[in-house]
Amino acid sequence: MNTRLESFSYDDDISRKFVFVTFFWGIVAFLVGLIAAIELANPAFNLGIPWLTFGRIRPLHTNAAIFAFAGNAIFSAVYYSTQRLLKTPMFSRTLSRIHFWGWQLIIVAGAITLPLGYSQGKEYAELEWPLDLAVVIIWVVFSINFFGTIAKRRERHLYVAIWFYIATIIAIAMLYIFNNLALPAGWLKSYSLYAGVQDAFMQWWYGHNAVAFVLTTPFLGLMYYFLPKAADRPVYSYKLSILHFWSLIFIYIWAGPHHLHYTALPGWASTLGMVFSLMLWMPSWGGMLNGLLTLRGAWDRVAADHVLKFFVVSVTFYGMSTFEGPTLAIKSVNVLSHYTDWTIAHVHAGTLGWVGFGTFAMIYWLVPRLYHTELWSRKLAEVHFWIGTLGILLYLVSIYAAGLTQGLMWLAFDKAGYLKYGDFVETTLRLLPMYWVRFIGGSLYLAGALMMGLNMLMTWRRRPRPYPEQIFQAPALTKVEPEPIPMPSPLTEEGLPVSEAGVKLEYFASARWHRLWEAKPFKFTVWVTIAVATGSLFEAIPTFLIKSNVPTIASVKPYTPLELAGRDIYVAEGCYNCHSQMVRPIRAETERYGEYSKPGEFVYDHPFQWGSRRIGPDLHRVGGKYPDLWHLRHMADPQSITPGSIMPVFPWLLKDDLNFDKIQAGVRAQKRLGVPYTEEEVSGAAGLARDQAMKIGTKLDQESGMQGLQDKEIVALIAYLQRLGTDIKKPLETAASPPASQSEDGAGSAAPEAEVKAGGNSEESSGEAS
């Protein structure tokens, strides 16, 4: 046996760097979220500035929260805990610093490009292709450094936190690469490789599992390391950790389609997503219980320890969110919750409570150890805890109330059988007080984070200079393969024989086989990859290969070059953040918006624009509903058309020239993706766009009294809006019933008289883009 001791020191400098930027980007994410919140409470705060409008800064807020704040928190945890769990410094200090600076540059580039309107138009995946490529490169750098560290470890068995880090690295690589496959049409413009239904499937396979493998699995790794350290207690159950880990990573990946209930996605896919979402509740609560029960014997310390306070609330929110998530996946619940602020409340309960408070707990535990001094003020940390908790409660109570209000009002019918709230803005006006309460709650949460920043600064100022170098010793890891653990005895304690199946079951339940896996990182990683990939392939392959999932419709044609340019503007302005383009086969929706949406209508949509939220009304059947002049005035001043609308103004669209020369590149890229444009249409795209723009612009010049509109961006956007839903638009009295895969109780086409008596103006309330 090799007992030679090796001396080494840990690279804590990289952890200090990541902890600092975690705080910095957290403040940015919270501040941008506050700006977005106040813009919804009062649209005047958009200030008429393009890069400050809600549609552009909402992606900045989500990306900053996920990839900047949570991402850097993950790296802080991984770099600190991995070295200590494996008893070795990181594989390469150079790779650590390339990772750090590369990730920060990506964040800065995203913070510049997103407000400028450079977006792929897919939630949580808005970054354009050069930044996607940079993310992949930096992720590879991180992966090499992480797995290289495992290879040179001095501890044979991998602790549970390392399992979750491995799953995170493998799953994020798979999700990010396949969802972001796109064809460039310029340096900052690209079109998704997928279209319509397939694009929606890929997006929510990614979108749901971005929550799983960015905001869940790495933070469970964080919990399994830092919570026992803070409590000075071992993890409650090793066997429960095994069950929690494997069931979670296998089940989670299947659940994404539940985000698309009653849409044009095949019914079998969303049902499968619902079933696996319900199954997900069990492993999730296994992890929550393992975390809370780790505090057994230490609950008396929670009252006095600010770190444990943050952890207890964090893990509790994890339990609440992972119970609510499967509940929202149930179709009958989803009918009410989908497109409402209920979803926003659910996401923020997990992000502010689970991720945010878990990160704060980690930082408060790490800072004294990284700076080799006592925390400057424990009292200030306590104040942060209570201020932050109050902020979360105000935020959640108000937005849960807003979500329920929206869902109930949208589905409400009066005694005569007509929509009770036919005008969309009636719902909007009810929400404004709740939006102001959300703003107050968010302000308190930000104030608490700033208190933490002050505590970090003052603690840093008390640090010793230079930092003392700590030397550790551990025996080198022997290269000898560990001997297999023998199977259990085939006899009971009473000496009675046990069946072969019983022996194997006892061996499996003992978890000794897992100890062998933990000593073989390559084998462990392979099984993680298989667990994650299985559900992905079983859902994706039928969706892409079985043609009946997306029946084609002969009348559906590609967008004209001008309409495609207008669609690019729609994406750049972030209109999908406020509007859906998916009429579900639900009576309240078909009466409000018209014929339900069909899968074949979206075959040329690269990317899809179904949306996930209705701050304004659905737009899939808006084409031809209003004259061009209405759209012009509505974009210039929404409140003059619909009093009470919270849509921002878009005056620059009436002033900025449309770049006709770039239209050809977009059309050519679409043709390469399979959209059936002819070579003549590609080569003559600019001329075709000018001809259509001239017709629309000349008429608008005459009606509005303005001049030169045929060369402005507004004309392209109007052309796109007027096209929406018109390929198969039929009179309501001849509309067909929805197929079984999309129908539900009360679903179907609306009677024409109901459409009239409902007001017929429900889409006037919030407009066509925000």
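**Exercises on a pocket, two helix pairs and a buried residue**

The largest pocket has a lining of 27 residues, and those nearest its centre are Y118, K189, D568, K662 and E713. The model is predicted, so to speak of local features pLDDT of at least 70 is needed, side-chain atom pairs count only at pLDDT 80 or more, and totals for chains, interfaces and linings use all residues. Residues are numbered from 1 along each chain as its sequence is written, and side-chain values use heavy atoms, with hydrogens and water left out.

**Exercise 1.** Describe the largest pocket by volume, lining elements and residue class.

*Solution.* A pocket is an open set of points on a 1 Å grid over the protein atoms alone, where a 1.4 Å probe fits, with protein on both sides within 12 Å along at least five of seven lines; lining residues have an atom within 4 Å of a point.
- Step 1: the space in the largest pocket is about 740 Å³.
- Step 2: strand 2 (182-186), strand 3 (189-192), helix 19 and helix 23 each give two or more residues to the lining. Helix 19 gives the most, with six residues. Helices (H or I, at least four residues) and strands (E, at least two) are DSSP runs, numbered from the N terminus.
- Step 3: the lining comprises 14 nonpolar, five polar and eight charged residues. Ala, Val, Leu, Ile, Met, Phe, Trp, Tyr, Cys and Pro count as nonpolar, Asp, Glu, Lys and Arg as charged, and the others, Gly among them, as polar.

**Exercise 2.** Determine how helix 19 (residues 561-572) is placed against helix 23 (residues 663-672).

*Solution.*
- Step 1: their axes, lines fitted to C-alpha atoms over the stretch in contact, come within 10 Å and cross at roughly 95°.
- Step 2: helix 19 is therefore roughly perpendicular to helix 23, as angles of 65 to 115 degrees, on a scale from 0 to 180, are classed.
- Step 3: P561, L564 and A565 of helix 19 meet I663, G666, V667 and Q670 of helix 23; contact means heavy atoms within 4.5 Å.
- Step 4: five of these residues are nonpolar, two polar and none charged.

**Exercise 3.** Locate I253 and decide whether I253 is buried or exposed.

*Solution.*
- Step 1: I253 lies in the loop between helix 8 (238-252) and helix 9 (267-293).
- Step 2: I253 counts as buried because its relative accessibility is 0%; buried means under 20% relative accessible area, exposed over 50%, with a 1.4 Å probe and protein chains only.
- Step 3: leaving aside residues up to four places away in sequence, I253 touches several residues, including L175, W205, F213 and E539.

Note on methods
Angles under 35 degrees count as roughly parallel, over 145 as roughly antiparallel, 65 to 115 as roughly perpendicular and the rest as oblique. Grid points are joined across faces, edges and corners, and a volume is the space filled by probe spheres set on the points.
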